[in-house]
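Hello,

Here is the structure I promised to pass on to you. Please have a look at it first, and then read on for my notes.

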Amino acid sequence: GGGHVSYRQEVSECCSSPAAMAADERDYNLTEEQKAVKAKYPPLNKKYECEYLLHAWGDTLEEAFEQCVMAMFGYMTDTETVEPVDAVEVEAEGHDMLSLLFHFLDEWLYKFSANEFFIPREVKVLYIDRMQFKIRSIGWGEEFCLSKHPQGTEVKAITYSAMQICEDEKPEVFVIIDI
């Protein structure tokens, strides 16, 4: 069968950064009017770091990589609402298989985060070069549009934290993303 995707939240207790907490505790000697304005609006400087574990697998390593990309985009929107009207190619390279997976996901994230706002409905890995650590892929989808695609959660970054590629029985990959 084809690849499967399972993604679930892990290590996801959000806590504010020390810098944000320090700013909250500072005494600015505010006037009553300033305190009233401050109380009226939520604070802007709180930064929450959350992580999300992507776990993807397939019959081949190529399928596992494809499914991992789709799991990431599935967190950002319902990819079944995406029409395959445009094709985008993504190539990446690394110095080993983990860095290849990292750069592969990062390049796909860049296709969304940069000017293109591209969301794939399907991604196909054309080849993985395990000697030179290069990958070439193509995705079919369209530009993200709020009126058409439900808004999920923004993916801020791919991380190396707990990243794994397992090829014991069926190939599977584990990647933690920052949201």
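Below is what I found in it, going from the overall layout to the sheets, the core and the aromatic rings.

**Overall layout**

Please keep in mind that this is a predicted model. The chain has 179 residues, and 38% of them count as buried. Its secondary structure comes to 4 helices and 10 strands. If you walk along the chain from the N terminus, the order of elements is β-β-α-α-β-β-α-β-α-β-β-β-β-β. Take the contacts between residues at least 6 apart in sequence: 71% of these join residues at least 24 apart.

**Strands 5, 6 and 7**

A good place to start is strand 7 (residues 134-143), which pairs with strand 5 in the antiparallel sense over 8 bridges. Strand 7 also runs antiparallel to strand 6, and 10 bridges join those two. You can see both pairings at Gly 141 of strand 7: Asp 86 has Gly 141 as its bridge partner, and Pro 120 has Gly 141 as its bridge partner too. Strand 6 and strand 7 form a hairpin with 4 residues between the strands, and in this hairpin Phe 133 takes a positive phi near 55°.

**Strand 10 and its partners**

Next, have a look at strand 10, where 6 of the 7 residues are buried. Strand 4 runs antiparallel to strand 10, and 7 bridges join them. Two of the facing positions are easy to pick out: Leu 53 stands opposite Ile 176, and His 55 stands opposite Phe 174. Strand 4 is largely enclosed by the rest of the structure, because 5 of its 7 residues are buried.

Strand 8 (residues 157-158) is also antiparallel to strand 10, with 2 bridges between them. Here Ile 158 has Ile 177 of strand 10 as its bridge partner. Strand 9 (residues 164-166) pairs with strand 10 in the antiparallel sense as well, over 3 bridges, and a hairpin joins these two strands through 5 residues. In that pairing, Cys 166 stands opposite Glu 172.

**Helix 3 and the core**

Which residues touch the most other members of the largest nonpolar core? They are Phe 65, Met 72, Phe 104, Trp 108, Ile 158 and Ile 177, out of 42 residues in that core. The elements that give two or more residues to the core are strand 4 (51-57), helix 3, strand 5 (86-93), helix 4 (97-113), strand 6 (118-129) and strand 10 (172-178). Helix 3 gives the most, with 11 residues. As general background, nonpolar side chains in soluble globular proteins tend to be buried together.

Helix 3 itself is mostly covered, with 14 of its 16 residues buried. The helix covers residues 61-76, and at 1.5 Å a residue it should span 22 Å; its end C-alpha atoms are 23 Å apart, which agrees.

Trp 108 is worth a closer look. Leaving aside neighbours within four places in sequence, Trp 108 is in contact with Val 69, Met 72, Phe 73, Val 88, Val 90, Phe 118, Pro 120, Val 123, Ser 137, Ile 138 and Gly 139.

**Aromatic rings**

How many aromatic pairs does a search of the whole structure find? The search finds 7. One of them joins Phe 112 and Phe 117 edge-to-face, at 5.9 Å centre to centre and with 80° between the planes. Phe 112 counts as buried because its relative accessibility is 15%, which is under the 20% cut-off. Phe 117 counts as partly exposed because its relative accessibility is 36%, which lies between 20% and 50%. Trp 108 comes up again among the rings, as ring pairs link Phe 73, Trp 108 and Phe 118 into a cluster.

**Cysteines**

The structure holds 0 disulfides. Cys 68 counts as buried, with 0% relative accessibility. Cys 166, which stands opposite Glu 172 of strand 10, also counts as buried, at 17% relative accessibility.

Have fun exploring it, and write back with any questions.

Best wishes

Conventions
Residues are numbered from 1 along each chain as its sequence is written. This is a predicted model: local features need pLDDT of at least 70, side-chain atom pairs count only at pLDDT 80 or more; totals for chains, interfaces and linings use all residues. Side-chain values use heavy atoms; hydrogens and water are left out. Rings of Phe, Tyr and Trp (its six-membered ring) pair if their centres lie within 6.5 Å; planes under 30 degrees apart count as stacked, over 60 as edge-to-face and the rest as tilted. Buried means under 20% relative accessible area, exposed over 50%, partly exposed in between (1.4 Å probe, protein chains only). A disulfide is a pair of cysteine sulfur atoms within 2.5 Å. The expected span of a helix is 1.5 Å times one less than its number of residues. A nonpolar core is a set of buried Ala, Val, Leu, Ile, Met, Phe, Trp, Tyr and Cys residues joined through side-chain atoms within 4.5 Å. Contact means heavy atoms within 4.5 Å. Two strands pair if DSSP finds at least two bridges between them.
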